[in-house]
2 protein chains.
Amino acid sequence: MDVARFSPSLERLVELISKLPGLGRKSAARLALHILRHSEEEAEALAQAILDVKRLVHLCRVCSNFTESDVCSICTDPKRDHSVICVVETPGDVLRLEKSGAYRGLYHVLGGTLSPLDGIGPNDLRIAELFQRTQENSVREVILATNPTTDGDATALYLVRALKTDGLAVSRIARGVPVGAELEHVDEATLASAMESRTRIS
Amino acid sequence: MDVARFSPSLERLVELISKLPGLGRKSAARLALHILRHSEEEAEALAQAILDVKRLVHLCRVCSNFTESDVCSICTDPKRDHSVICVVETPGDVLRLEKSGAYRGLYHVLGGTLSPLDGIGPNDLRIAELFQRTQENSVREVILATNPTTDGDATALYLVRALKTDGLAVSRIARGVPVGAELEHVDEATLASAMESRTRIS
């Protein structure tokens, strides 16, 4: 839409919103128009929330998860299993796994994956910090939960080799058919993985 | 996601974003995480754009379209046809119609529709202003482009009756099958309208 003709400031907002992931120009325009209908207070609250999140949120000193304190609430939770560390790519992955409710151990956020083509090597990720944590005797298992993508798999493979130590179990999350998905809509690589990792039930 | 546990400010941003139309909590969390990855400057630019849009954009004194000046760029454009006024519900509708490029007249934004159940009567919309504009001899047609919904249709019907004056044509935009749509996915009411308003082609 030729919003710029009516209002350069509206055009600017549409432009900035459309840079967010998953939002095309059309959705961005819809959101901008909605914000324009906001009360002054609501618009200010949204602007302030954006500034606050940048100002207050940083990464946990131990696991690099999001936190507003020095060490995050998972790392400091005595009720969690401190003998297991789940390695993920991003803080968003921690949120997703926490939502599943299936895990009660600690996390370690790598901050990405190894990607030689993009020049991202082990020193660009928080791998040294992971090693340091696994040296502690209390840690008995590392679960690799990087994405089942080429880069995620390569990173997991690298970590499996690098973490090889007596007494430390290293596992990879299972890949298979998503719960609730119909086979018709599942790609072949996933189906092959699901078949390979089948579990006997009787 | 239980974002609040990690970061109240992230939770607050997710909450505010998820109030925007078409964004559930999941999309809101994705956007909030993306904003968190923004540079300080990008986050500030977005926050500022939200504040600017509320500060700078207001409604055109003549047609109630969005503008940053007193009268909008459509109302002041001498190249447009000042004898036709297209009546729409919201400024967003003006943007959409302008994008279609099919209209070169003026607009009048009502600011909503009549809705007796919600207590919205003719005095709550900019209907008096529309009448005043149509009194001018130069106006020869009013096109009613309110939404083809119950409220939009009722509002159009009200305006047809109220605008009945010698020498003033009043029309309603056509309803029919959307361009590019397959009949399979078009609802029955639309199909019925499309059939009723069919145009002879040979």
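Here are a few friendly notes on this predicted model, taking in the sheet of chain B, the contact between the chains and the nonpolar core.

1. Let's start with the sheet in chain B. Four strands make up an open sheet, ordered S4-S3-S5-S6, with parallel pairing. Its edges are strand S4 (105-109) and strand S6 (169-172) of chain B, each of which pairs on one side only. From one strand to the next, the twist averages 25°.

2. For a detailed look at one pairing, try strand S3 (residues 81-88) and strand S5 (residues 141-144) of chain B, which run parallel and share four bridges. One pair of residues to find on screen is Ile85(B) and its bridge partner in S5(B), Val142(B).

3. A helix is worth adding to that view. Helix H5 (residues 127-135) of chain B lies across S3, S4 and S5 of chain B, at about 160° to S3(B).

4. Now for the contact between the chains, to which chain B gives 50 residues and chain A gives 48 residues. On the chain B side, the elements giving two or more residues are helices H1 (8-17), H2 (25-37), H3 (40-56) and H4 (91-100), together with strand S2 (66-67). H3(B) gives the most, with 13 residues. Sorted by class, this side of chain B has 28 nonpolar, ten polar and twelve charged residues.

5. Finally, the largest nonpolar core has 87 residues. Those with the most contacts inside this core are Ala32, Ile50 and Val87, in chain A and in chain B. Leaving aside residues up to four places away in sequence, Val87(A) touches several residues, among them His108(A), Leu110(A), Leu130(A), Val142(A) and Leu159(A).

Note on methods. Residues numbered from 1 in each chain as written. Chains lettered and ligands numbered in written order. Predicted model: local features only at pLDDT ≥ 70, side-chain atom pairs only at ≥ 80, totals over all residues. Core = buried A, V, L, I, M, F, W, Y, C linked by C-beta atoms within 7 Å. Buried ≥ 20, exposed ≤ 12 C-beta atoms within 10 Å, placed from the backbone. Contact = placed C-beta atoms within 7 Å. Pairing = 2+ DSSP bridges. Axes fitted to C-alpha atoms, helices over the stretch in contact; angles between N-to-C directions. Nonpolar A, V, L, I, M, F, W, Y, C, P; charged D, E, K, R; others polar.
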